[in-house]
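Here are my notes on the fold, as numbered points. Please read them beside the model.

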Amino acid sequence: DKMDFILSRGIKLHGILESLDFNNPNLEELDLDENDKTIINNVLSNDIFKNIKNGKSFHEHEFYFIKDDIEYHGIIDLLIEYDDRFAIIDYKLYNTDKEEYKRQLEVYQKYLSLISDKKIEMYLLSLVKAELKEVVLWI
């Protein structure tokens, strides 16, 4: 059914980005059809990936913490640490406008603010549209 196809497509694209070396993205080595290759190339054309070599990238960065007696757990799709800031990139297949995505990023922001004083930039990345949307939250 259509929903299963969309879900499996999102998982596939997410997996490609999870295993990709952003400093040297060689898509020819991956088993991709032309459509997937186009989507990934469009995603990589975003400005945020142009300077990624200046930072340290963490794919699927998992964390746990407790704050105010509440236990938090999450996995950040892509965390880039620069000298002066962090950039969080959360992959979404298409839509980046859901309210729960902001709550998800808020947890990521809380986690990073507990371990560092660096500025935190947060982005939702629509894979299909290759659009990067910055999300600013005040916690």
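1. Start with the β3–β4 pair. In this predicted model, strand β3 pairs with strand β4 (residues 119–126) in the parallel sense, over 8 bridges. Two positions help to fix the register. Ala 87 stands opposite Glu 121 in β4. Lys 92 has Ser 126 of β4 as its bridge partner.

2. Next, the connection. After β3 the chain passes through helix α4 (residues 99–115) and then enters β4. This β-α-β crossover is right-handed. Helix α4 lies across β1, β2, β3, β4 and β5. Its direction makes an angle of about 155° with β3.

3. Now the other neighbour of β3. Strand β2 (residues 70–81) and β3 run antiparallel and are joined by 4 bridges. The two strands form a hairpin, with 3 residues between them. Ile 80 stands opposite Ala 87 in β3. Ala 87 therefore makes a useful reference point when viewing the model: Ile 80 is opposite on one pairing, and Glu 121 of β4 is opposite on the other.4. How enclosed is strand β3? Of its 8 residues (85–92), 7 are buried, so the strand is largely enclosed by the rest of the structure. The cut-off for buried is under 20% relative accessible area.

5. The whole sheet. It is open and has 5 strands, in the order β1-β2-β3-β4-β5. The pairing is mixed: β2 and β3 run antiparallel, while β3 and β4 are parallel. The edges are β1 (56–67) and β5 (131–135). Each has a single partner strand, so one side of each is left without a neighbour in the sheet. On average, neighbouring strands are turned by 40° against each other, direction ignored.

6. One loop residue deserves a look. Asn 46 sits in the loop between α2 (34–44) and α3 (47–50). Is Asn 46 buried or exposed? It is buried, because its relative accessible area is 13%, and the cut-off is under 20%.

7. What does the side chain of Asn 46 reach? One target is the backbone oxygen of Val 43, at 3.1 Å. Another is the backbone oxygen of Ala 130, at 3.2 Å. Setting aside neighbours within four places in sequence, Asn 46 is in contact with Leu 125, Ala 130 and Leu 132. Ala 130 thus appears both in this contact list and as a backbone partner of the Asn 46 side chain.

Notes. Residues numbered from 1 in each chain as written. Predicted model: local features only at pLDDT ≥ 70, side-chain atom pairs only at ≥ 80, totals over all residues. Heavy atoms only, no water. Buried < 20%, exposed > 50% of the residue type's maximum accessible area, 1.4 Å probe, protein only. Pairing = 2+ DSSP bridges. Right-handed = clockwise from strand over helix to strand, strands pointing away. Axes fitted to C-alpha atoms, helices over the stretch in contact; angles between N-to-C directions. Contact = heavy atoms within 4.5 Å. Polar contact = N/O pair within 3.5 Å; in protein donor to acceptor, adjacent residues only side chain to side chain.
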